[in-house]
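Trainee: I'd like to go through this model and ask how each label is earned. Can we start with the pockets?

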Amino acid sequence: MELNLAPKFAQKIFEGEGGTYYRWSSAEYELLKEAKVGGGRLVLQPRGFALPHYADSNRIGYVLQGSCGVVGMVSPNASQEVVLRLKKGDIIPVPSGAVSWWYNDGDSELIIVFLGETSKAYVPGEFTYFLLTGTQGILGGFSTEFNSRAYDINNEEAKKLAKSQSGLLLIKLPEGHKMPHPCKNSPDKLVFNIDAALPDIHVQNAGLLTALTAKKFPFLGEVGLSATLVKLDANAMSSPVYAADSSVQVIYVAKGSGRIQVVGINGERALDTKVKAGHLFVVPRFFVAAAIADGEGMEYFSMITTTQPVFGEFTGKTSVWGALSPQVLQASLNVGPEFEQLFRAKIKKSTILVPPQN
């Protein structure tokens, strides 16, 4: 099986006064379709407003930039929206079918990347959005008669309801327009700042790794996903790991640059390339991935298609090499006891995040 793992930049699919939306196309990146995952990036200008909508896929939003974002969300059968403040580093799960709107209340761009699984999507490998209002909104799709009867209004009122909003997807609200204030009681349950969280692994001169699962952030269970943030220092390495539970990883490079290698079926190197900020790539099921940052360091955010991922490691205390018996290791590597002991000693001292070589 030959898979094209080459990283891709998102393509612009809409640009307006309120902002821009980009997506990774499954037609251009067929691995998204094969792995049933997708990605998009939202850039909202000051006073930019993403009209209320819902999608056919479970997603995780990760705020790359901005400190004055606002999101409103209405879950199915809920009687009231929940309004939340967003800032850089925030993660917010967005369940499929949940209505949400997004607003930039600040004076600089608000940028959010969305990663998710598309197993039930209309277009495998992509998110399909259903807008409530605007020129492509659900309201305008129904006839005046149907809207009139559904909402108990006359025909003129029904036309006004469906046709007043002439914008599409992203609009810019007039200066002075008041938006709802964030709720006081629910942010901790619905938003988690992964940048500010204590890392699960922190190695001096190498970087840090923060894993976010439903155990730490229960709302992630609503979307069936988990996330990881890796921040590598200059020339540091994230050593080889694989998802042992058959989950898929979608990785977005948020900052810096580096080199990625992925090894897959029959020991073939499926990917060996440079990546930089804005790149997205997929690590298929059971494939082994590793990364080395360039001199400026590298940060990447990954979405995993399970709530409790299990990773197999080749370095550190839980390395599979260290767990194998000496006799098996010697036979498997075709080496003598002396080299096997040297290798085992090195493994015990190693970590998942590796500082640069002296």
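Mentor: Sure: strand 21 contributes the most to the lining of the largest pocket, namely five residues. Keep in mind that this is a predicted model, where local features need pLDDT of at least 70, side-chain atom pairs count only at pLDDT 80 or more, and totals for chains, interfaces and linings use all residues. Residues are numbered from 1 along each chain as its sequence is written, and side-chain values use heavy atoms, with hydrogens and water left out.

Trainee: What makes a residue part of the lining, and what makes this a pocket?

Mentor: On a 1 Å grid over the protein atoms alone, a pocket is an open set of points with protein on both sides within 12 Å along at least five of seven lines, and a lining residue has an atom within 4 Å of a point; a cavity would be a set where a 1.4 Å probe fits but cannot get out. By that rule 25 residues line the largest pocket, and the closest to its centre are Leu 209, Thr 228, Val 241, Gln 249 and Phe 311.

Trainee: What volume does the largest pocket have?

Mentor: About 510 Å³. That is the space filled by probe spheres set on the points, with grid points joined across faces, edges and corners.

Trainee: How do the lining residues of the largest pocket divide by class?

Mentor: There are 17 nonpolar, six polar and two charged residues. Ala, Val, Leu, Ile, Met, Phe, Trp, Tyr, Cys and Pro count as nonpolar, Asp, Glu, Lys and Arg as charged, and the others, Gly among them, as polar; so Leu 209 counts as nonpolar and Gln 249 as polar.

Trainee: Why is strand 17 (237-243) called a strand?

Mentor: Strands are DSSP runs of E with at least two residues, helices are runs of H or I with at least four, and both are numbered from the N terminus. Residues 237-243 make up strand 17, one of the elements that give two or more residues to the lining of the largest pocket.

Trainee: How do you know that strand 17 and strand 21 pair?

Mentor: Two strands pair if DSSP finds at least two bridges between them. Four bridges join strand 17 to strand 21, so they qualify, and they run antiparallel. Ser 238 sits opposite Ala 291 in strand 21.

Trainee: Which bridges tie strand 17 to strand 23 (residues 353-354)?

Mentor: That antiparallel pairing has two bridges, and the cut-off is at least two, so it counts. Ser 238 has Leu 353 as its bridge partner in strand 23. Strand 17 also runs antiparallel to strand 22, over three bridges, with Tyr 242 partnered by Gly 312.

Trainee: Why are strand 1 (11-16) and strand 13 (192-193) called edge strands?

Mentor: Each pairs on one side only. They belong to an open sheet of seven strands, ordered 1-2-3-10-5-8-13 with antiparallel pairing. Inside that order, five bridges join strand 2 to strand 3, and Thr 20 is bridged to Val 43.

Trainee: What about the second largest pocket: which domains line it?

Mentor: Domain 1 (8-189) and domain 2 (194-309) each supply at least three residues; these bounds come from an automatic or database domain assignment. The pocket holds about 370 Å³, and among the 18 lining residues, Glu 34 and Arg 285 are two of the closest to its centre. Helix 1 (residues 30-35) gives the largest share, three residues.

Trainee: How far apart are the centres of domain 1 and domain 2?

Mentor: Taken over C-alpha atoms, 26 Å. Their contact (heavy atoms within 4.5 Å) takes 26 residues from domain 1 and 27 residues from domain 2.
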